[in-house]
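Please read this briefing alongside the sequence and the structure shown below. It takes up charged pairs, then one acidic residue in its surroundings, and then a pocket.

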Amino acid sequence: MRVVLLMVLLFSGQVQADQARSEYFGDFPFWESPVQVFKGQNPITAEEARTQKHIKVDFDAQGRMTDVQMRLGDQIKEPAPFFAGLYFHSEHTRISYDGPREVHSYFNRFGTRITGWGDVWEKVYTKDERGRYVRMAFFGRNGEPVENSWGTEYYAWHHQLDGSVIEERYSADGELMPHRRGFEFRRIRLTFSPDGHLALMQNIDANGDLLASASGASQYRYFYDAHGMFLRWEVYDADGNPALGPTGTAGEQYTNGDNGFAEIAFFNREGTRSLHASGAAYWRGSYGPFGNQTELSFFGTDDKPIAGNLGFHKHRFIYDETGLHLMKREYFGLDNEPTIITDGFHRAVYVRDGRGLLTELRFEDVEGNPVMNSFQNAASIRYRYDAGGVRTATEKFDLDGSLIPEAAGG
C-alpha cells in the first residue's frame, strides 16, 4: 500500500511540474520577421501585470505557445496606438498544433473569432523535419488562400548552412513582395545573434549577392538590450558604408523606459542628428499610470520643439479612467496650444457604447466644432457590430450629417 501511495505521490508531482505556465511582458518589441513567431520585451511578474498593460503568453506542458493576449490587468485590451505588434493582429491569438502545422486564429475581447491582418481567418506555419519554420500561409474563412493586408499570400524560409535564414514573400500572382509596407527589401537574408534577436538583415538577389534597394540601402543592423527592448538600427549599402533608408535616415537610437521608448533619435550617414521622414530629429514619449502612451512629441536637430510634417509638435492620447479605452486624440503646436494638423482637425473623439465598442469617431476643430478630416474624407465615422462584437458596417458622414454614399457599407 505504501509503495502504491508513493507512486501516486510521485506521479502527482510530475503532473504538477508539467502543467502549463504563463509569462508576462510589458509589450511587443520591434522585430522584422514572423520567422520569429513571438518576441516579448520587458518581462514582468504576474503581480505587476495586475495594474498595467501587458502581453500574457500561455504555454502547454511541452513548452509550446498556445495563447497570446493583449491585456490590462485581467481584462483583454484592444490594440491601440503604440500597443500592437507587427505580427500579432488581434487582441487575442490562439495557437494550435497539428503535426508540422502551427495554426494561429484571431479573437476579439468578447471571445468571438475574427479576421486579422486584413481578411486572414487563420495564419498557418509549416515546419520541416527538424522543426524549423519553412512556410507561413494565409487562409480566408472558406479555407482558400488569401492575401493579407500587405498583399502577401505566403512567406517562404530557406535555412542556410551558416545559420542564416533567407525569407521571401509572394502575392497571389507570384510577385515577390517587400518585407514590410513602405520599405524596399524583398528577398532578405536574416542573421540572428546568440540571444535570439535579429542582428543583420540583408537585401539579396536570387544568387544570394547583396542588392541595393531604391534608396541605396542594402543592409540593416539591429541591437537589443537585456530586456528585449529595441536599442538601435543602422543602415548600410552593399559595401558596408552608412546609407540612407526609405525614411531618409541612416538609423535610429532608442532610449527606453519601463513602458517603452522615452526617446528615439535619428541620425544621418555621418552619425549626426538629422530629420526623419516625420519631420523630426527626436521623438519623445510619455506614459500614464497604466503604461499607456499618453504623448508623442517632436524635436529638431537643435533639440528644440519642432512641428513635424503633419503640422504638430505634440500628439496626446486620452484614455478612460480604466485605462482600457482610448477616448480622444489631440494635437498641439510649438507653444503647446491646440493646433489644426494638415488633415484639417485638432481633435478625434472616440464615442463608445456600454461594452466599450467604438460606435463613432468624430473630428473637431480647436473650439470643438465638427470639421472634415481630409485624409479620411469624413467629419464623422460610425460603426455597427453584431452580438459578438464583430464590426459589420462602417459609414462616413459629412459636416451636415449626410451619409457619404461611396463610403457606405461594411
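**Charged pairs, a buried glutamate and a pocket**

Across the whole structure, a search finds 26 salt bridges, and the model in which they were found is a predicted one. In general, side chains of opposite charge can pair when their charged atoms come close. The points below describe some of these pairs, and then turn to Glu91 and to the second largest pocket.

**Salt bridges**

- Glu168 and Arg187 are joined by a salt bridge between their side chains, with an N to O distance of 2.7 Å. This pair links distant parts of the chain, since Glu168 belongs to strand S12 (residues 165-170) while Arg187 sits in the loop between S12 and strand S13 (188-192), 19 residues apart. Glu168 and Arg187 are both buried.
- Lys314 and Glu295 also form a salt bridge, in which the closest N and O atoms are 3.7 Å apart. Here too the pair connects distant parts of the chain, with Lys314 in strand S21 (residues 314-319) and Glu295 in strand S20 (residues 293-299), 19 residues apart. Lys314 is buried, as is Glu295.
- Arg221, Arg232 and Glu234 are joined into one network by salt bridges that share partners.
- Arg130 and Glu129 meet through their side chains in a salt bridge of 3.0 Å, N to O. Arg130 counts as exposed because its relative accessible area is 59%, and Glu129 is likewise exposed, at 68% relative accessibility; the cut-off for exposed is over 50%.

**Glu91 and its surroundings**

- Glu91 is placed in the loop between strand S5 (75-76) and strand S6 (92-98).
- Although Glu91 is buried, it has no salt bridge, and the nearest side chain of opposite charge, that of Arg109, is 5.1 Å away. A salt bridge requires the charged nitrogen and oxygen to be within 4 Å, so the distance to Arg109 does not qualify.
- The backbone of Arg109 does come into play, as its nitrogen lies 3.1 Å from a polar atom of the Glu91 side chain.
- Leaving aside residues up to four places away in sequence, Glu91 touches a set of residues that includes Val68, Gln69, Met70, Ile76, Phe107, Asn108 and Arg109.

**The second largest pocket**

- The second largest pocket has a volume of about 150 Å³, and 14 residues line it, of which Glu360, Arg362, Pro370, Ala379 and Ser380 lie nearest its centre.
- Strand S24 (358-364) and strand S25 (380-385) each supply at least two residues of this lining, and the largest share, four residues, comes from S24.

Terms used:
Residues are numbered from 1 along each chain as its sequence is written. This is a predicted model: local features need pLDDT of at least 70, side-chain atom pairs count only at pLDDT 80 or more; totals for chains, interfaces and linings use all residues. Side-chain values use heavy atoms; hydrogens and water are left out. Buried means under 20% relative accessible area, exposed over 50%, partly exposed in between (1.4 Å probe, protein chains only). Lys and Arg count as positive and Asp and Glu as negative; His and the chain ends are not counted. A polar contact is a pair of N or O atoms within 3.5 Å; within protein, one must be able to donate a hydrogen and the other to accept it, and residues adjacent in sequence count only if both atoms are side-chain atoms. Contact means heavy atoms within 4.5 Å. On a 1 Å grid over the protein atoms alone, a cavity is a set of points where a 1.4 Å probe fits but cannot get out, and a pocket is an open set with protein on both sides within 12 Å along at least five of seven lines; lining residues have an atom within 4 Å of a point. Grid points are joined across faces, edges and corners, and a volume is the space filled by probe spheres set on the points.
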